Number of protein chains: 2
Amino acid sequence: MPDSSSPPLIATAAPELADRIRSAGARATPARIRVLALLTSAPVPLSHHDIEAALGDASLDRVTLYRVLDWLVASGLAVKRADERRVWRFTLAGGGQHHSHIHFRCDGCGRVYCLDAPAPVPPVMPQGFTLAHLELDLSGRCADCNRSGSGVR
Amino acid sequence: MPDSSSPPLIATAAPELADRIRSAGARATPARIRVLALLTSAPVPLSHHDIEAALGDASLDRVTLYRVLDWLVASGLAVKRADERRVWRFTLAGGGQHHSHIHFRCDGCGRVYCLDAPAPVPPVMPQGFTLAHLELDLSGRCADCNRSGSGVR
DNA sequence: GTATTACATGCAACAATGTTGCATGTAATG
DNA sequence: CATTACATGCAACATTGTTGCATGTAATAC
């Protein structure tokens, strides 16, 4: 285990997670530790459903998971955002250098394309605001839908 | 009532709407006409719920409304997009010069702020794609949440 | 004007997702 | 080890969206 400094630790031991939870002002319960551990090791944002599935047999109560996730977000340990299909997805806060790609959603067929273009320049933030994530969402009609011309005026 | 030319007609007569529906390849039923009329006159994107409410007593069946809206989108007469609270909102296609403002969502409290900044330059679209709408979504922590520091690492 | 028929509608039932209240369990504290 | 406030699990409910099927009706042909 080299590199005992810096942010991007990958495997985080349970006691350390428990401490993080406690210093955020709550009890270090198995539920919170397990969810936090999952989010810590997940390479991509997880949905409520993903987490339930990942916890397997000994899954938490659905309601408890909702509450754990809400608490994680409220306490600033995690962030939640809607994906392109409007499903909430959760990530560890600060873990985020998601290469902010650009999404194009077709108004005809609903498909989502990931465009490979440079990220737009972030605007100046108002006093006191901190910017963590940036996403450009485009919509219109994709080549397929334009070609088949389904109902275009 | 001057100005008998140009796009931005506001009140559209039912027969005209019926024609538009028929030329999109479907039957001009009361349900479709009423919904299309609503969308035509609405100054802002409407949710499923808005439309049900606006239709009042003689509202359509919930399922029918879903199907009408889906058809409108599939046929290209309308577009649907998720608002910042993940609710589907529908607008007439082509009606759209929504001043594309920029949204900032706070990861702490969930509030959404509308920033007043210039819209980003649209990227080059792939062959055959047409761009209708563009939206920049930012997230992070707002001034309030940063100040009260609820749980920030 | 009437008959035909494919397309639309309404209803019932269901599925997925999210919320609330309350009794019980347990992590933290002394 | 006892206490207790906080967390959990359960049941019930709310909202949003989907599917199958019987019935109604817009468009077309007659």
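**Notebook: two chains and a DNA strand**

I read chain A along its sequence first and got the pattern α-α-β-α-α-β-β-β-β-β-α. That comes to 5 helices and 6 strands, taken as DSSP runs numbered from the N terminus (helices H or I, at least four residues; strands E, at least two).

A note on what I'm looking at: this is a predicted model, where local features need pLDDT of at least 70, side-chain atom pairs count only at pLDDT 80 or more, and totals for chains, interfaces and linings use all residues. Residues are numbered from 1 along each chain as its sequence is written, while chains are lettered from A and ligands numbered from 1 in the order in which they are written.

Next I checked burial: 23% of the 153 residues in chain A are buried (20 or more other C-beta atoms within 10 Å of a residue's own, with C-beta atoms placed from the backbone).

Then I went to DNA strand D. I found 20 residues surrounding it, the closest being A26(A), T29(A), A31(A), T64(A) and A28(B); near means a C-beta atom, placed from the backbone, within 6 Å. Two or more residues each come from α2 (30–41) and α4 (62–74) of chain A, and from α3 (48–55) and α4 (62–74) of chain B. The largest share, 4 residues, belongs to α4(A).

Last, I compared the copies. A rotation of 180° with 0.0 Å of shift along its axis puts chain B on chain A, RMSD 0.1 Å (least squares on C-alpha atoms of residues with pLDDT of at least 70 in both). So the two copies are related as by a two-fold rotation axis. In chain B, L136(B) comes closest to that axis, at 2.3 Å (C-alpha).

Key:
Buried ≥ 20, exposed ≤ 12 C-beta atoms within 10 Å, placed from the backbone.
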